[in-house]
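Please look over the chain shown below before reading on. The report that follows begins with one helix and then widens to the whole chain and to some single residues.

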Amino acid sequence: MTSSLIRDTTSDERALPILVAIVGAGVMGRGIARVLAQGGVDVLLHDAREGVAAQAAVDMHHELQAAVSMGRLSGAAAGDAMSRVQVATALSDLRHATVVIEAIVEELAAKQALFGALEEIVNETCVLATNTSSLSVTAIAAACTTPQRIIGLHFFNPVPAMRLVEVIDGLRTHASVGVAMLALAQRVGHTAVRVRDTPGFLVNHAGRGYGTEALRIVGESVAEPHAVDTILRAQAGFRLGPFDLFDLVGLDVSVPVMESVYRQFWDEPRFRPSPILVQRRAAGLLGAKSGEGFYRHENGRRIPMPVTAPPRVEAGVVWVSSAEPVLADAARTLLRSLGARIETGAAPSVGATCIVTPVGEDVTTCAVREQLDATRSVALDMLFSNAAHSTLMLSPLTTAKVRAQMESLLSTNGHGVSTIADSAGLVAQRVVAMIVNIACDIAQQRIAATPDIDLAVTLGLGYPHGPLAWGDLLGPRIVERVLLNMHALSGDPRYRVSPWLRRRAALRVSLRA
């Protein structure tokens with residue numbers, strides 16, 4: 001089978017006669033229709049619910065006019081886009097469509113039934129695309145007589161703002177169909193990535209490490225949710241912390257997705273959900289939509305957490321372990337900038353605060369190995385160090401006096417500090433290592449090309465770096481050490497190192513190679 005969309009690459013693609021039908025005129029369907037129409041594609045909008053498609057067209061007109069009022073779109077462009085949108089009252093009206101994109105309820109049987117009905121209406125070259133975010137494209141196609149033309153075309157909400165689409169090949173999808181859908185997405189200004197059909201596809205799959213590891217940190221009482229969010233925003237550079245994100249999306253949405261991906265991968269430990277979310281969902285603490293989640297919300301806005309500055313106390317003398325020479329030097333530079341008095345001997349004097357800079361280890365392990373007094377030992381995460389914020393980690397025996405001294409020192413001149421309990425990998429190291437490791441497994445499984453992994457994650461999830469590029473910035477051997485040390489302490493298989501990462505760490509080459 002070949003698609004009618006395939007043309008010689010020298011032709012003017014914008015002149016191609018394409019008619020795209022959208023079935024399902026909810027938020028996603030309307031967004032897809034708008035993007036296509038603004039990209040110069042004729043659109044038929046249909047919904048089985050009476051009046052819904054017509055109302056969606058009206059809403060789309062209002063959205064375009066608002067964009068004109070804000071200077072984001074010219075009046076002529078808005079008029080041209082609306083002239084390309086027609087409402088189809090019956091499914092049979094879609095018979096001349098070149099492509100049909102379904103955006104209906106996320107139920108396998110419903111999508112299979114719709115595609116079965118469409119196969120009786122459209123011509124044999126028409127591409128049938130599903131906007132599913134979690135169902136198997138292969139499973140949807142299995143009920144069709146021509147599975148070769150079934151493909152995933154996963155847009156992200158809100159479609160006009162999220163300029164990414166995953167083009168997902170089912171097991172029996174013809175290669176030409178994927179090529180055609182890449183061209184269609186690019187024609188309307190979206191960035192398209194080619195993905196093999198797998199649970200979570202690419203973006204939702206790659207995003208599993210962020211929330212699940214943050215939940216594990218909270219579940220181990222290493223840190224409170226707001227502290228985890230603060231560390232990951234202030235030190236790792238994420239736009240939203242994981243608990244910010246849970247509140248934004250809502251646990252009624254997040255929990256089923258998390259459970260679905262976990263079960264579809266046959267209970268893969270890396271994707272293991274947490275009972276924390278299930279309990280909070282049962283309590284109605286869904287997030288912004290219920291007014292309360294991990295944070296309180298009023299009128300659509302999060303109520304800021306109260307911040308109390310640590311009391312000012314005399315910091316005393318500090319000593320920094322040289323077990324990690326580069327990180328130790330960075331710690332000394334930071335501490336000097338905050339006015340610390342630093343000892344330079346090979347061992348700490350009696351009474352000096354002992355500072356370690358671990359890579360994937362906890363304070364306890366470092367203190368025992370270096371024969372340090374655990375009551376005055378703490379750690380700083382210098383792998384994710386910056387001039388604005390620090391993570392201070394305590395041993396189980398660190399005294400209240402040492403804690404107060406270090407919090408006072410680290411909050412000098414507005415420098416931020418988050419204090420956490422002992423944990424292999426602290427917070428940022430744990431979360432970022434998991435993100436990198438999962439992306440390495442995605443590369444290992446050839447779910448997507450390595451450039452597309454980084455591209456899709458930065459566009460779809462808004463991470464400060466693509467996960468493979470981030471692994472290269474930290475160094476594959478460093479990421480491997482973080483995972484190995486976490487695995488050694490916990491024994492949890494979720495921290496086993498991806499073969500992709502292990503080989504590239506051994507060869508000292510890029511994770512993108």
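Which are the buried residues of α18? They are Pro467, Leu468, Ala469, Trp470, Gly471, Asp472 and Leu474, where buried means a relative accessible area under 20%, exposed means over 50%, and partly exposed lies in between, with a 1.4 Å probe and protein chains only. The model is a predicted one, in which local features need pLDDT of at least 70 and side-chain atom pairs count only at pLDDT 80 or more, while totals for chains, interfaces and linings use all residues. Residues are numbered from 1 along each chain as its sequence is written, and side-chain values use heavy atoms, with hydrogens and water left out.

**The helix α18 and its surroundings**

Because seven of the eight residues of helix α18 (residues 467–474) are buried, this helix is largely enclosed by the rest of the structure. The cover over its buried residues includes α16 (428–444), α17 (450–461) and α19 (476–490). Just after α18 comes Gly475, which takes a positive phi of about 105°.

Two residues of this helix also appear among the contacts of Phe384, a residue in the loop between β14 and β15. Phe384 is buried, with a relative accessible area of 5%. Leaving out residues up to four places away in sequence, Phe384 touches Gln235, Ala236, Ala428, Gln429, Val432, Trp470 and Leu474, where contact means heavy atoms within 4.5 Å. The C-alpha atom of Phe384 is separated by 25 Å from that of Pro306, which is 78 residues away along the chain.

**The chain as a whole**

The protein chain has 20 helices and 16 strands; these are DSSP runs numbered from the N terminus, with helices being H or I of at least four residues and strands being E of at least two. For 513 residues, a compact globule would have a radius of gyration near 24 Å, and the 26 Å of the protein chain agrees with this; the radius is taken over C-alpha atoms, and the globule rule is 2.2 Å times the number of residues to the power 0.38. Along its principal axes, the C-alpha trace spans about 85 × 50 × 45 Å.

Of the 513 residues, 54% count as buried. Among contacts between residues at least 6 apart in sequence, 70% join residues at least 24 apart. The accessible surface of the chain comes to about 21700 Å², and 55% of it belongs to carbon and sulfur atoms; such areas come from the Shrake-Rupley method with a 1.4 Å probe, and for residues only the protein chains shown count as cover.

**A helix with one buried side**

In helix α14 (residues 363–370), the residues Val363, Cys366 and Ala367 are buried. They cover an arc of only 95° around the axis, which puts them on the same side of α14; this arc is that of the directions from the helix axis to the C-beta atoms. An α-helix has 3.6 residues a turn, so residues three or four places apart point the same way. The cover over the buried residues of α14 includes β13 (353–356), β14 (377–380) and β15 (389–394). After α14 comes Gln371, whose phi is positive, near 55°.

**Single residues, buried and exposed**

The table sets out four residues with their places and their relative accessible areas.

| Residue | Place | Relative accessible area |
|---|---|---|
| Gln405 | helix α15 (residues 400–410) | 12%, buried |
| Asn131 | loop between β5 (127–130) and α5 (137–142) | 8%, buried |
| Asn413 | loop between α15 and β16 (416–420) | 72%, exposed |
| Arg508 | segment after α20 (499–507) | 62%, exposed |

Leaving aside its neighbours within four places in sequence, Gln405 is in contact with Val313, Glu314, Ala315 and Thr353. Asn131, with residues up to four places away again not counted, touches Met28, Ile32, Ile101, Glu102, Ala103, Leu153, His154 and Phe155. The C-alpha atoms of Asn131 and Glu166 are separated by 9.2 Å, although these residues are 35 residues apart along the chain.

What is the phi of Asn413? It is near 55°, a positive value in a residue other than glycine. Arg508, which is not a glycine, has a positive phi of about 60°.

Finally, the peptide bond from Asn157 to Pro158 is cis, with omega near -5°, and Pro158 lies in the loop between β6 (150–155) and β7 (164–169).
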